[in-house]
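User: Got a minute to go through this one with me? I have a few quick questions.

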Amino acid sequence: APETVKMPNPLNPPTMPPYALEPNDECILDVSDIVLIDPMGTGYGLVLNEERQGEAYSIESDAKIFAQFIESWKISHGRENSPVYLLAESYGTLRACTIPDMLIGGPTTAVAETRGYSVNGIILMGSAVAWNPGKMAFFEGSVEQMTLAFPTMAACSWYFTEGEKPDLDKYMDEAYACAGGDLLRSLYAGYSMPEDEREKIISRLTYFTGLDPQLIRQNNCRISAEEFASRRLASQGLDLGLYDGRFTMPHSGQLGFMAEPTADDPAMGAYVPAYCGAFALMAKKLGIRIAEPYKAINFKINSRWGYEGRKTPAEHLQAALRRSPGLQVMFCCGRYDFVTTPGQARYLANHLDCAGRRVLVRDYESGHMPYIGSSRRDLARDIRTMISEVSG
């Protein structure tokens, strides 16, 4: 948008009002209109008939509603022949993969009609499409989860390493190679691996994670994202954020049995208030009177959501790529994101059956929200390039 949240220090955003807006030099309105759609019950989206809200709370029903809105908007604004790009974040990436099937339609889709609308591009930020492969992708199982999170651990360890550090791009290439090589081999072999070979791999994992080799040894080379986040800076009394590993908070043993996964996350707890406050500022600036608060996440809906459908989101995406040779997909990943890791995005991209540069994976110096900080400039550049190339 033309304005964005004012954050003099993106890694230490304002957590209490007053909040402020500032001009956004990366606004993409020079190449595309922007249409924002809030799902029912989230953001400013309201549920007018609560007795029927369950009809919307599944992957394909939700995508059907979005497709109908997109179609209606294009018709009412005389934009039937305009290119369409779907840009989505987090759960929204499942929606963006499913909408193309609903826009095209067919007898087995939720719309039960043939519509014939297609999209030009899909931009997935913080992709959750392969987050739970049993429900969201098209493989029965998955590669060891540790290998998908390992590159994020390596990136965070690099970020907090003091003194001279290797070149980040080269270092990350080595981390990805280690994840699919030595680490995957050690997880498959377990304790059957010869001791000397196992120790060499433990040394390699220590280099990339910065963790105590004894911890890696005791865990048989398997470290969860949560354990890494609590252990990497434990000597400094700090926890890392799962949504963005660059954010930290003092460790506390007095938060009760279970800390809130969002409000108590070092990243989510820090930047959500400023963004929610910014929506209120923008509404006021536009002269829009809204009596409801902006809901960043509605967990009452999350708990009721249905993930089953005729196809998984990955299968919907594969179908769209199969029928539209010009469709381009771009995964936009934050290197420090433990919730939807760049490793998961690469894994899915590597298993999509398509040729050439049609599926791109881009890493940014950010976390779950790749538009925070300087990475917003790089993200906007890549989006602008994609739209310009695909639309001509």
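User: Is Asp196 buried or exposed?

Analyst: Exposed, with a relative accessibility of 54%. The cut-off for exposed is over 50%. Keep in mind that this is a predicted model.

User: Which helix is Asp196 in?

Analyst: Asp196 sits in helix α6, which covers residues 195-209.

User: And how far is Asp196 from Gln68 in space?

Analyst: The C-alpha atoms of Asp196 and Gln68 are 60 Å apart. In sequence, 128 residues separate the two.

User: Switching to cysteines. How many disulfides are there?

Analyst: Zero, after a search of the whole structure.

User: Why is Cys178 not bonded to Cys221?

Analyst: Distance. The closest cysteine sulfur to that of Cys178 is in Cys221, and it is 9.6 Å away, so the gap is too far for a bond. A disulfide needs the two sulfur atoms within 2.5 Å.

User: What about Cys332, where is its nearest cysteine sulfur?

Analyst: In Cys333, 7.2 Å away. Cys332 is in no disulfide either.

User: Are Cys178 and Cys332 buried or exposed?

Analyst: Cys178 is buried, at 4% relative accessibility. Cys332 is buried too, with a relative accessible area of 0%. The limit for buried is under 20%.

User: OK, the whole chain now. How many helices and strands does it have?

Analyst: The protein chain has 13 helices and eight strands.

User: How does its radius of gyration sit against the globule rule?

Analyst: The radius of gyration is 22 Å, and the rule gives 21 Å for 392 residues. Those values are close, so the chain is as compact as a globular protein of that length. Its C-alpha atoms fill a box of roughly 70 × 50 × 45 Å along the principal axes.

User: What share of the residues is buried?

Analyst: 47% of the 392 residues.

User: And how much of the contacts is long-range in sequence?

Analyst: Take the contacts with a separation of 6 or more. Residues 24 or more positions apart account for 68% of them.

User: Any helix that is mostly covered? Which of its residues are buried?

Analyst: Helix α11, residues 313-323, has eight of its eleven residues buried. They are Pro313, Ala314, His316, Leu317, Gln318, Ala319, Ala320 and Leu321.

User: Last one. What about surface and charge?

Analyst: The accessible surface is about 19,800 Å², with 52% of it belonging to carbon and sulfur atoms. There are 38 positive and 48 negative side chains. The centres of the two sets lie 3 Å apart.

Conventions
Residues are numbered from 1 along each chain as its sequence is written. This is a predicted model: local features need pLDDT of at least 70, side-chain atom pairs count only at pLDDT 80 or more; totals for chains, interfaces and linings use all residues. Side-chain values use heavy atoms; hydrogens and water are left out. Buried means under 20% relative accessible area, exposed over 50%, partly exposed in between (1.4 Å probe, protein chains only). Helices (H or I, at least four residues) and strands (E, at least two) are DSSP runs, numbered from the N terminus. The radius of gyration is taken over C-alpha atoms; the globule rule is 2.2 Å times the number of residues to the power 0.38. Contact means heavy atoms within 4.5 Å. Accessible areas come from the Shrake-Rupley method with a 1.4 Å probe; for residues, only the protein chains shown count as cover. Lys and Arg count as positive and Asp and Glu as negative; His and the chain ends are not counted. The place of a charge is taken as NZ of Lys, CZ of Arg, CG of Asp or CD of Glu.
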